[in-house]
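Hi everyone, thanks for coming. Have a look at what's on the screen, and then I'll walk you through it.

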Protein chains: 2
Amino acid sequence: MTFVTILGFIAAALTTGSFLPQAIKTIRTNDTRSISLFMYLLFSTGTLLWLIFGMLSSNMPIIVANAITLVFAVIILFYKVRNQKKRNINK
Amino acid sequence: MTFVTILGFIAAALTTGSFLPQAIKTIRTNDTRSISLFMYLLFSTGTLLWLIFGMLSSNMPIIVANAITLVFAVIILFYKVRNQKKRNINK
């Protein structure tokens, strides 16, 4: 494995794994006020398209990385939408 | 251009562009309470490594996408760190 390949793996692990602490924080605190709804709508849709892209081009690293990221992103999006709805009801 | 390639471009545009509304929200509100510091530390480092990976493998789409994402991520990280410091001083 070349240095560049190893670098790619580390980069993928970091960007994929980075959504885990955000998901944990969101679940623990149930606070999503400063999180952008629009960001997670775009990001989740993009990650889903990356997943389909990976499947159609049989690219396993893209499939694995985006499947994991999608789970974290959808959890955060779910909390954000739920809290947004609550806030609208309470208005 | 094949369907799969177009799908990849749309996916890249969405995941890259998704950090713009978060950066705008963060700058406007200066509220980073529900944002995970650890997420943006990992994510910014990962994006920087992707950028270096793209440069070393002369992959223009990877370079462009990650250069843009890195700018947004670092803005959000900067606000988060600044607010965290303020909070620690006020304790």
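So, let's start where the chains meet: how many residues does the contact take from chain A, and how many from chain B? It takes 36 residues from chain A and 36 residues from chain B. Before I go further, please keep in mind that this is a predicted model.

How much area goes into that contact? About 3,200 Å² is buried between chain A and chain B, and carbon and sulfur atoms give 74% of that. If you look at chain A's side, the residues that lose the most area to chain B are Leu14(A), Ser34(A) and Met39(A), and together they account for 18% of what that side buries. In case you're wondering about quoting an area here, the size of an interface is often given as the accessible area lost when the parts come together.

There's some charge pairing too. Between chain A and chain B we count two salt bridges. Have a look at Arg33(A): its side chain meets that of Asp31(B) in a salt bridge, at 3.0 Å from N to O.

Now, how are the two chains related? Rotate chain A by 180 degrees, with 0.0 Å of shift along the axis, and it superposes on chain B with an RMSD of 0.0 Å. That's the relation of a two-fold axis. In chain A, the C-alpha nearest that axis belongs to Ser34(A), 2.7 Å away from it. And the same surface serves both copies, as 100% of the contact residues of chain A recur in chain B.

Okay, let's zoom in on chain A by itself. It has four helices and zero strands, so to read it along the sequence you just go α-α-α-α. Is it compact or spread out? Its radius of gyration is 15 Å, well over the 12 Å that the globule rule gives for 91 residues, so chain A is more spread out than a compact globule. You can put dimensions on that: the C-alpha trace spans about 55 × 25 × 15 Å along its principal axes.

Even so, buried residues make up 45% of the 91 residues in chain A. As for the contacts within chain A between residues at least 6 apart in sequence, 66% join residues at least 24 apart. The accessible surface of chain A comes to about 5,000 Å², with 72% of it belonging to carbon and sulfur atoms.

Let me show you one spot in chain A. Ile63(A) lies in helix α4, which covers residues 60-90. Setting aside neighbours within four places in sequence, Ile63(A) is in contact with Leu51(A), Gly54(A) and Met55(A).

Over to chain B, and helix α2, residues 19-29. Its buried residues are Phe19(B), Pro21(B), Gln22(B), Ala23(B) and Thr26(B). What covers them? The cover includes α2 and α3 of chain A, together with α1, α3 and α4 of chain B. Right after α2(B) comes Asn30(B), which has a positive phi, near 55 degrees.

Last stop: Thr47(B), in helix α3 of chain B. Thr47(B) is buried, with a relative accessible area of 0%. Again leaving out neighbours within four places in sequence, Thr47(B) is in contact with Asn66(B), Thr69(B) and Leu70(B) in chain B, and with Thr15(A) across in chain A.

That's my tour, thanks for listening.

Terms used: Residues are numbered from 1 along each chain as its sequence is written. Chains are lettered from A and ligands numbered from 1 in the order in which they are written. This is a predicted model: local features need pLDDT of at least 70, side-chain atom pairs count only at pLDDT 80 or more; totals for chains, interfaces and linings use all residues. Side-chain values use heavy atoms; hydrogens and water are left out. Helices (H or I, at least four residues) and strands (E, at least two) are DSSP runs, numbered from the N terminus. The radius of gyration is taken over C-alpha atoms; the globule rule is 2.2 Å times the number of residues to the power 0.38. Buried means under 20% relative accessible area, exposed over 50%, partly exposed in between (1.4 Å probe, protein chains only). Contact means heavy atoms within 4.5 Å. Accessible areas come from the Shrake-Rupley method with a 1.4 Å probe; for residues, only the protein chains shown count as cover. Copies are superposed by least squares on the C-alpha atoms of residues with pLDDT of at least 70 in both. Buried area is the accessible area (1.4 Å probe) that two parts lose on being put together, summed over both. A salt bridge is a side-chain nitrogen of Lys or Arg within 4 Å of a carboxyl oxygen of Asp or Glu.
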